[in-house]
Structure formats: structure tokens, C-alpha cells
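Subject: Handover of a structure and its findings

Dear colleague,

Please find the structure below, handed over for your use. The findings follow directly after it.

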Amino acid sequence: MGFAERVLHLAPEGAYHMLARAQALEAEGREIIHLEIGQPDFPTFQNIADAGVQAIRDGETRYTPSAGLLKLRQAIATQASAQRGVALRPAQVVVGPGAKPALFFPTLALVRPGDEVIYPDPGFPTYRAMIGVAGGVSVPVPLREEADFSFDLAALDAAITDRTRMIIINSPSNPTGGVLPMTALEHIAEIAIARDIWVLSDEIYTRLIFDGRDAASIYALPGMAARTIICDGFSKTYAMTGWRLGYGIMPEPLAERVGLLLTHSVGCTASFTQYAGLPQRYVFRP
Ligand SMILES: Cc1ncc(COP(=O)(O)O)c(C=O)c1O
């Protein structure tokens, strides 16, 4: 069909692929135990569902600003600042339909053809996909089971070149559950600052740690606010996978560019979904 080069490498994401097959079997009446896609096995909390329904009843069914409702961006900035011990402004927050736009669009905005992007292996399949669409070169760095699935830091050092544009980290990790220790975050931050590299920190599982505090964010380390993009969202923590609500936190000039990509691709996130997200800060945290 003469597809463009940028989509030739795309392959199905295993989890979505298996979910579709499992749901097709369910439609035939088969009983399925779902172990494929990563989502809570309980429904969205009642107060969130009620807020979404109420928003529809109130007529909140129109376009919103592409980067999201200001009051939601303010709520996210407040919650994310308190969680990570940093001072975030609402203008740094870009709301999207799920967390994936906060991975894909910053990558499209920053990675130029031929730029190298380091990503964790094993890792979330979208990383490779989006690097390829941006025209970048995917550079896997292994996670080591014997180091609790932290990055192999020697391999990371060896993978850095003059073309390295971005390092993707995911802590806690999908699929390993590994959490990067502070020593690893400091090592990555040191390289990023010394070599002028962006860090895309996928923190979607940051609140799903059951033996202590939330996972530390590389964003909070000195010098990292200017070169870090946080990807986070509502899907996992608040059992909202089907609502499609997530966000990125990044320097303001990049947030503006990512906002433009949203404008020209999805337009904006569903308004009632954004209203449903507003009470999220009352569910687990003040
Ligand atoms: C590591 C990781 N990042 C991002 C996402 C995307 O989240 P969302 O469904 O909110 O787009 C997922 C979803 O499975 C994930 O596992």
C-alpha cells in the first residue's frame, strides 16, 4: 500500500492484542480470567464515576482547552508538587486522553531523525514505537534481575553517545515492578546534565507501591526540572483506564509545543472525563 516509512515498524502491543482476543472469546460465551492488560480488577471509585455522570448532566460536554481545563491542571500541579516535593506551575501540566500522549508527544517534539533514545529493556512497548515514529534510533539498555530490575548502569554509560537525545526511565517498571534506587536516579541525572540529555520519566505506577512511600522522582534532583518530562495519569491509581485521562509535566516551552500537538491531533480530552478527574485528589491524598 506504500505506507510511510514512519509506520512500517509498528507492531501490535501485546496487552491490547490479547485483550481483543480475550474479549472476542467472552462474546462467544467463554469464561475468561484476564491476566493480559494492566488495569485494576475493581471498578472506578464511586465518587469519580458520580462526578463524570454529573458533568454530563450539567452539560460539560463541549470542547475544553487542548492542554486541559485550568482547574484540573491546577489540581494536578498542586498534587504532583506535594507528592514529589517540588514547585510545579499549572502551565507545566498538559492533560491528555490517557498517559500515552505524555510519552508520544514530547518524544515527537524533541527527537529528531537520527537522534538516539535509550529505553529500558524489558520495557513498555510504546517506547520503541514512538521513538521509531519520531525517526529516532532505539537504544535498549537492560534491566538486571540481580539488581532488583534496576538499569545496568555500566551498560547505560556505554550506550551514551553524542547523538543521545533522551533517556526513558520507568519506575516502578512495567513489566518488572522494579523501582530505580536513588543511586541510579542520581547516576542518570548526572549523565543527563553533563551530556545535555532529556529524561522522560514514566511515573504512571508511582503510587502503586505497597511497602513504603511513593517512588522517588528524578524531576526533584538538582538541575533536572529543566530537562525532565514526567508522564503520569489516572488510569492505574484511580481505576480509570477506560476514561482516558493522563498528563505530562514538563518545562513550559515544551508544554506549549505538546499542547499544539494535542490541538492538531486529538483536539482535547473529553470534558466530562476531566471533570471526573477533579475529585481524584480527595480519594487517596489531601
Ligand atoms: C508503563 C506504562 N506507561 C504508560 C501507560 C499508558 O497509560 P494510559 O492507559 O493512561 O495511557 C501504561 C499502560 O499500560 C504503562 O504500563
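Where is the place of Phe149? Phe149 is situated in the loop that runs between strand 3 (137-144) and strand 4 (150-151). Please bear in mind throughout that this is a predicted model.

Backbone geometry

Phe149 is not a glycine, yet its phi is positive, at about 60 degrees. With a relative accessibility of 27%, Phe149 is classed as partly exposed, because that class covers values from 20% to 50%.

Arg244 is likewise a residue other than glycine with a positive phi, in this case about 65 degrees. Its position is in the loop between strand 7 and strand 8 (246-249). The relative accessible area of Arg244 is 28%, so Arg244 is partly exposed.

Two cis peptide bonds also deserve mention. One of them joins Asp121 and Pro122, with omega at about 5 degrees. Pro122 belongs to the loop between strand 2 (116-121) and helix 6 (126-133). Another cis bond runs from Asn174 to Pro175, and there omega is near 15 degrees. Pro175 is placed in the loop between strand 5 (164-170) and helix 8 (182-195).

The ligand and its surroundings

Asn174 appears again at the ligand, where it is among the closest residues, together with Asp202, Tyr205, Ser235 and Lys236. In total, 14 residues surround the ligand. By residue class, this shell consists of six nonpolar, four polar and four charged residues.

Which atoms of the ligand approach Asp202 and Lys236? In the case of Asp202, a nitrogen atom of the ligand lies 2.6 Å from an N or O atom of the side chain. In the case of Lys236, an oxygen atom of the ligand lies 2.6 Å from an N or O atom of the side chain. A backbone atom takes part as well: an N or O atom in the backbone of Ala99 is 2.9 Å from an oxygen atom of the ligand. On its own the ligand has 390 Å² of accessible area, and the protein covers 94% of this. The largest pocket is the space that the ligand takes.

A buried arginine

Is Arg227 buried or exposed? Its relative accessibility is 15%, and Arg227 therefore counts as buried, since the class of buried residues comprises values under 20%. Arg227 is located in the loop between strand 6 (198-202) and strand 7 (228-233). Its side chain reaches two backbone oxygens: that of Ile197 at 3.1 Å and that of Ala192 at 3.5 Å.

Ile204 is found in the loop between strand 6 and strand 7. Ile204 has a relative accessible area of 7% and is therefore buried. Its C-alpha atom is separated by 27 Å from that of Arg6, with the two positions 198 residues apart along the chain as the sequence separation.

Separations in sequence and in space

Several further residue pairs relate distance along the chain to distance in space.

- Gln83 and Arg207 are 124 residues apart in sequence, and their C-alpha atoms are 9.4 Å apart in space. Gln83 is part of helix 4 (residues 70-84), and its relative accessibility of 18% makes it buried.
- Gln274 and Pro253 are 21 residues apart in sequence and 23 Å apart in space, from C-alpha to C-alpha. Gln274 sits in helix 10 (residues 271-277), and with 0% relative accessibility Gln274 counts as buried.
- Ala154 and Val53 are 101 residues apart along the chain, and 51 Å separates their C-alpha atoms. Ala154 belongs to helix 7 (residues 153-159). Why does Ala154 count as exposed? Its relative accessibility is 56%, and exposed residues are those over 50%.

In closing, two points may be kept at hand when the model is opened. The ligand takes the space of the largest pocket, and the protein covers 94% of the 390 Å² of accessible area that the ligand has on its own. As stated above, the model is a predicted one.

Yours sincerely

Methods:
Residues numbered from 1 in each chain as written. Predicted model: local features only at pLDDT ≥ 70, side-chain atom pairs only at ≥ 80, totals over all residues. Heavy atoms only, no water. Near = heavy atom within 4 Å. Polar contact = N/O pair within 3.5 Å; in protein donor to acceptor, adjacent residues only side chain to side chain. Areas by Shrake-Rupley, 256 points an atom, 1.4 Å probe, with all protein chains shown as cover. 1 Å grid on protein atoms, 1.4 Å probe; cavity = no way out; pocket = protein on both sides within 12 Å on 5 of 7 lines; lining within 4 Å. Sits in = over half its atoms within 2 Å of the grid points. Nonpolar A, V, L, I, M, F, W, Y, C, P; charged D, E, K, R; others polar. Helix = DSSP H or I, 4+ residues; strand = E, 2+ residues; numbered from the N terminus. Buried < 20%, exposed > 50% of the residue type's maximum accessible area, 1.4 Å probe, protein only.
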